[in-house]
Amino acid sequence: MNATDLWTPGRTLHALAAQEPNAAAVYLLHQDGRVSTYTRRELDRQSSRLAHALAARGVCQHQRIAIHLHNSFEHVLVTLAAYKLGACPTPVSARLPKVERDALLGLVDAAAIFSDDADLDAIRTADLHDLAAWPDTLPPDRISQPAKAIASGGSTGKPKLIVSPGAFAFPWQGHPLAAVLDFRPGDLVFSPGPLFHNQAFFFSQIALFQGAAIALNERFNAEQALTFIERHQPTVLNMVPTMMQRMLRTEGLAQRDLSSIRKLWHLAAPCPDWAKLGWIDRIGADRVWELWAATEITGLTTISGTDWLSHRGSVGTGFMTDIKILDPDGRERAIGEVGEVFSRFGDGAAQYAYVGAPPLAEHGDGYRSVGDLGHVDDHGYLYLADRRTDLIISGGSNVYPAEVEAVISAHPLVRDVAVVGLPDDDLGRRVHAVVETRDPSLTAEQLRTRCAESLVKYKVPRSFEFVEALPRNEAGKIRRSALMPRTESTTP
């Protein structure tokens with residue numbers, strides 16, 4: 001292979017399939033516990049056939065292809081077919097209500113839609129099982145630019161597309177983020193999250209480009225994920241903190257064989273200290289890594305578990321990233337003072353473009369903010385407080401939900417928790433905790449006592465609400481807007 005040439009995902013997959021046609025490319029963990037395995041040859045041939053079929057329908061380079069499918073082999077197949085055409089894959093959650101779905105698809109303006117929803121004019125999953133009439137030869141190599149478009153509701157709940165304007169073309173097995181993530185040829189990268197989310201989607205594509213195999217699941221289940229790890233021995237895990245917490249609380253975790261894991265990456269949400277420490281104790285500090293970034297790539301930090309133990313609560317130092325902490329008037333905060341995090345990646349050129357939303361706030365010379373609040377220490381380590389939109393101002397004091405959630409989630413009878421600010425005539429906003437329990441005997445007083453032991457008085461929730469399930473999306477993120485109207489069935 002000529003390392004100086006630019007390789008696209010389609011060309012790379014074709015070359016890898018020629019080298020080892022029977023090597024596993026995709027593992028799919030089904031909800032019933034079955035595991036399906038697909039080889040490089042299957043993925044290469046089927047994606048080439050689909051690319052030829054799409055070209056015959058008039059799909060061209062640079063056009064968007066909407067992938068409105070659940071996690072499946074077909075999702076990966078369509079993505080690789082799009083890349084072989086030089087098109088832009090655009091994953092959209094298959095579990096969206098119709099109104100949200102249609103709003104996002106309206107922004108996509110897709111040349112083709114893949115969906116099993118009966119009311120959409122789309123290509124069905126069943127259609128992908130009958131491609132034999134099309135050639136399995138590699139189509140003419142075309143570069144995808146934009147590389148991807150990720151559909152998002154964002155913090156405002158208004159739909160938008162986050163478009164990555166760069167090209168997906170790099171030297172042979174040389175994706176620039178692979179070195180940061182330590183993805184290697186021959187790895188098995190297990191991403192239990194949904195493919196409509198940038199984390200699972202792009203990590204999977206980087207892994208395939210590096211000559212690694214990927215593992216997905218139809219829907220996350222902690223017990224099944226642990227069984228998969230034991231039986232198939234992935235070398236890299238890519239998770240969100242909610243998954244980490246649920247796996248830690250499964251019975252018999254201590255007896256599970258997790259020795260294959262070289263690296264566990266977690267990102268996309270704040271991780272409570274107890275969950276990070278639980279995994280450090282279980283697999284070793286040098287294997288637990290955290291990454292802070294956004295789909296927009298405004299900046300990127302990483303930190304190992306070993307480094308984190310010396311800088312508790314930090315998300316690390318910048319990789320090709322400069323960071324400023326600013327007050328609401330745009331003045332730089334002092335070391336240790338919380339403000340809005342503005343960061344600059346590389347030369348400061350925008351790594352994103354929005355469709356359906358105005359651009360991010362910018363502060364001169366390429367510094368941008370996605371709304372995170374935090375501070376840096378005198379060694380340049382970044383510590384996040386919360387999102388600006390999640391901040392609760394109660395009686396004039398700032399309360400960061402992630403801090404309160406970390407205390408409550410550490411209770412062994414708590415399965416999940418979200419903290420929001422409800423309207424209050426006296427305080428402006430009162431701190432309210434919505435709790436999903438593992439045992440109905442858990443009381444508000446028990447949780448209030450625990451909070452009082454660890455938090456200053458104004459941060460202790462004034463009220464608690466117990467629910468059967470919190471409204472998290474498949475990516476593990478709380479839909480806080482769905483909690484805000486909740487004022488009934490609360491325990492003061």
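Leu104 lies in helix H4, which covers residues 98-108; helices here are DSSP runs of H or I with at least four residues, strands are runs of E with at least two, and both are numbered from the N terminus. The model is a predicted one, in which local features need pLDDT of at least 70 and side-chain atom pairs count only at pLDDT 80 or more, while totals for chains, interfaces and linings use all residues. Residues are numbered from 1 along each chain as its sequence is written, and side-chain values use heavy atoms, with hydrogens and water left out.

With a relative accessible area of 7%, Leu104 is buried, where buried means under 20% relative accessible area, exposed means over 50%, and partly exposed falls in between (1.4 Å probe, protein chains only). Its contacts, defined as heavy atoms within 4.5 Å, are with Val92, Leu96, Ala151, Ser152, Pro159 and Lys160 once neighbours within four places in sequence are left aside. The C-alpha atoms of Leu104 and Ala66 are 9.8 Å apart, with their positions 38 residues apart in sequence.

A second helical position worth visiting is Phe73, found in helix H3 (residues 73-85). Phe73 is also buried, at a relative accessible area of 7%. Not counting residues up to four places away in sequence, Phe73 touches Val26, Leu28, Tyr38 and Leu43. For Tyr38, the C-alpha to C-alpha distance from Phe73 is 7.9 Å, at a sequence separation of 35 residues.

Turning to the chain as a whole, it has twelve helices and 27 strands. Its radius of gyration is 23 Å, close to the 23 Å that the globule rule gives for 492 residues, so the chain is as compact as a globular protein of that length; the radius is taken over C-alpha atoms, and the rule is 2.2 Å times the number of residues to the power 0.38. Along the principal axes, the C-alpha atoms fill a box of roughly 70 × 50 × 45 Å. Of the 492 residues, 54% count as buried. Among contacts in the chain with a separation of 6 or more, 68% come from residues 24 or more positions apart.

The surface and the charges can be described in a similar way. About 20,600 Å² of the chain is exposed, and carbon and sulfur atoms supply 48% of that area, as computed by the Shrake-Rupley method with a 1.4 Å probe. The chain carries 50 positive and 58 negative charges, and the mean positions of the two sets are 1 Å apart. Lys and Arg count as positive and Asp and Glu as negative, with His and the chain ends not counted; each charge is placed at NZ of Lys, CZ of Arg, CG of Asp or CD of Glu.

Several loops also deserve a look. Glu296 sits in the loop between strand S12 (288-293) and strand S13 (300-304), and at 7% relative accessibility it counts as buried. Beyond residues up to four places away in sequence, Glu296 touches Ile162, Gln351, Tyr352, Tyr354, Leu360 and Val370. By contrast, Asp365, in the loop between strand S18 (361-362) and strand S19 (368-369), counts as exposed at 60% relative accessibility. Gly33 belongs to the loop between strand S1 (24-29) and strand S2 (35-39), and at 33% relative accessibility it is partly exposed. The C-alpha atoms of Gly33 and Pro401 are separated by 35 Å, with the residues 368 apart along the chain.

Backbone geometry adds some detail to these loops. Phi of Asp365 is near 55°, a positive value in a residue other than glycine. Met320 likewise has a positive phi, near 55°, and is not a glycine; Met320 lies in the loop between strand S14 (314-318) and strand S15 (321-326). A cis peptide bond joins Gln145 and Pro146, with omega of about 10°. Pro146 is placed in the loop between strand S5 (112-115) and strand S6 (148-152).

Finally, the cysteines: taking a disulfide as a pair of cysteine sulfur atoms within 2.5 Å, the count comes to zero. For Cys60, the nearest cysteine sulfur is that of Cys88, 14 Å away. Cys60 counts as partly exposed, at 41% relative accessibility. For Cys451, the nearest cysteine sulfur belongs to Cys271, at 18 Å. Cys451 is buried, at 0% relative accessibility.
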